[in-house]
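Please open the structure in your viewer and keep the selection tool at hand. The tour below proceeds one selection at a time.

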Amino acid sequence: MASINQALLDLKRLDQLAAGGTVLHRLDPRAKVLATLVFIVSVVSFGRYELSALIPFLFFPACLIALGELPAGYLVAKVALVCPLAVAVGMFNPFFDRSVMAHLGPLDITGGWISFASIVLRTALTVGAALTLTALTGFPAICNALERLGMPRAFAMQLLFLYRYLFVLTEEGVRAARARELRSFGKTGDGLNSYASLLGHLLLRTWQRAERMHMAMLARGFSGVLPGRDCSRFGAPELAFLLLWSALCVMLRLNNAPRLLGALVTGQLP
Amino acid sequence: MHMADALLSPTVGGAVWAVSAGGIAWCSARLRRESDDRQAPLMGVLGAFLFAAQMVNFTIPGTGSSGHLAGGLLLAILLGPPAAFLTVASVLMVQALFFADGGLLALGCNIFNLGFIPAFVVFPLVYRRFIGHAPGRFRQLTVTMTASVIAMQLGAFAVVLETVASGVSSFPFSRFLLLMQPIHLAIGLVEGAVTVAVVSFVRKARPELLQQAIGVPAVAERSRASICAFFLAVSVITAGGLSSLASEQPDGLEWSVAKVAGAAELEGARQGVHALLAAMQEKSAWFPDYSFDSAKPPVDPPRSPAAAGGAAASGTAVSGLVGTMLTLFLVFSAGWLLKKGSRATVAPEG
């Protein structure tokens, strides 16, 4: 139960980060969404044995976290916890791919280990970018940006409704689960039967809530469109932000920056 | 079950995203045409319900582990396919942004695996075809169970296909399949049991809710099936066509093998796009063809090619390692400085 409450608090904390007032928070969300997409596509377009060229991509989340005054430790811990599938599947790479690719002194490094490390690094980069985007922009603003970039209005409305009732219903579910847990002793009472009727009641209550909401919305003159604030505009700062990051991503995609840097240093100090 | 960005290639991710985005556009247009504005709040709250339901667990008898609901099929039974698809897609989007389940590129795959397959493949072809109008207990149990298991199996199969087609993981196709399908057989059985239990609860408490989705006229069903077939065909063609297109060029794999192994240059990479990129790289590189002995004059007595390759490889490896460390250091110090700088500018105001 503690973990559920923890998850809920975690969700709220990420949501509240978007209320910050830094320069990055004030940018038009479309610029941030597009820059994040360019970043993710650049990262995943590398070959599977690429490791060193991925490292400089850490600049993107690091700069955004620092300039956006986000809690770095919290985001890093969140990144470290996620993506079980990627790591679980990647873990098998060293077993299937045993061709030796590099030597580090007497140690032979197989392709499997390199590609596993690459998968872990990619996970950290892509997940970190997605979380940073959420923390800098906030969910409603991301929906707004996507709608203005061409997402269908019905889907945007669905996302906004979901977001508004997410916290309400999750708390209701947590309360119901806690009540059941307090009433079940040892291992009796938390089986499928009580689960199904708990979930069923939650479903029916949800349905009734939706009907009440619909009536309330009609009473307030709902016309099929949620009013949103379309006041932000895509100006020069947004264009500069987008161009800067896209250019950096493309450049880092085409050049292996760490290797160039290393050559510079080792070349000058033989 | 959630696909991850790190396992996807841009070609596969983009192709599946195109299919999912097409699905979202079509469903949105369809719901708009139906113009039942009761549907909007209902879908939103049911999406939130799925979240709430996933926070509650139950104990699976005999195993000690716990399970919970995924809900694609349940929503299709309650809302009908288009609304269920949009609801699942929205839930997955929130998961991608807040919990970073998967990622933004993999979101397309996840919407396809967990939303499209249950709503547009399994629900019309299995569930609605066999459930009938007034099902008995046995029929309800077997049909819902079968549909859940098939949905999970197809979803897991799609994950395997997407992973193998991307080629980031080196899992062989057959072994990955043998690993994934049995696990998802168990998950599908649990999901089926929960779906049966909740649906029969609703059937007892408010049977009229279930009639809405089942009682869609047969004409709509036919058009839906044809559209579903269309989307499947498009996805197969796009994925197949694009990936064969992509693999005609010397792709990331061979290219990076050569890089990591330290072979100086690949012969085949001297044409087309790669030649262009290589030319750009040579211009922008400070030390083209670097290695430890590159500073020596080239009139050295010729050594055996293997030895030369080895020296070049170790040179490349060392400079790569040093550069990596330096870059990491730069990243962290940049982050630290930026943070410090922004604090310093904020502090006087406060």
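Begin by selecting chain B and displaying it as a cartoon; its secondary structure comprises 12 helices and 2 strands. Please bear in mind throughout that this is a predicted model. Following chain B from the N terminus, one passes two helices, then the two strands, and after these a series of helices that runs to the end of the order α-α-β-β-α-α-α-α-α-α-α-α-α-α.

Keep chain B selected and turn on its surface. About 16,200 Å² is exposed, and carbon and sulfur atoms supply 68% of that area. Of the 350 residues in chain B, 47% count as buried. Among the contacts in chain B with a separation of 6 or more, 72% are between residues 24 or more positions apart.

Next, select residues 81-99 of chain B, which form helix H4. Does the length of this helix agree with what its 19 residues should span, or disagree? At 1.5 Å a residue, the expected span is 27 Å, and the end C-alpha atoms lie 26 Å apart, so the two values agree. Is H4(B) mostly covered or mostly uncovered? It is mostly covered, since 18 of its 19 residues are buried. Now select Ala100(B), which follows H4(B) and has a positive phi, near 55 degrees.

Move on to helix H6 of chain B, residues 137-166, and pick out Ala165(B) within it. Ala165(B) has a relative accessible area of 48%; because exposed means over 50% and buried means under 20%, this residue is classed as partly exposed. Add Gly71(B) to the selection and display the distance between the two C-alpha atoms: Ala165(B) and Gly71(B) are 27 Å apart in space and 94 residues apart in sequence.

Finally, select chain A, which has 13 helices and 2 strands. Its radius of gyration is 24 Å, well over the 18 Å that the globule rule gives for 270 residues, so chain A is more spread out than a compact globule. Rotate the view to see the C-alpha trace of chain A, which spans about 75 × 55 × 30 Å along its principal axes.

Of the 270 residues of chain A, 54% count as buried. Its surface exposes about 12,200 Å², with 65% supplied by carbon and sulfur atoms. To close the tour, colour the charged side chains of chain A: 25 are positive and 15 are negative, and the centres of the two sets lie 3 Å apart.

Key
Residues numbered from 1 in each chain as written. Chains lettered and ligands numbered in written order. Predicted model: local features only at pLDDT ≥ 70, side-chain atom pairs only at ≥ 80, totals over all residues. Heavy atoms only, no water. Helix = DSSP H or I, 4+ residues; strand = E, 2+ residues; numbered from the N terminus. Rg over C-alpha atoms; globule rule 2.2 N^0.38 Å. Buried < 20%, exposed > 50% of the residue type's maximum accessible area, 1.4 Å probe, protein only. Areas by Shrake-Rupley, 256 points an atom, 1.4 Å probe, with all protein chains shown as cover. Lys, Arg positive; Asp, Glu negative; His and termini not counted. Charge placed at Lys NZ, Arg CZ, Asp CG, Glu CD. Contact = heavy atoms within 4.5 Å. Expected span 1.5 Å × (residues − 1).
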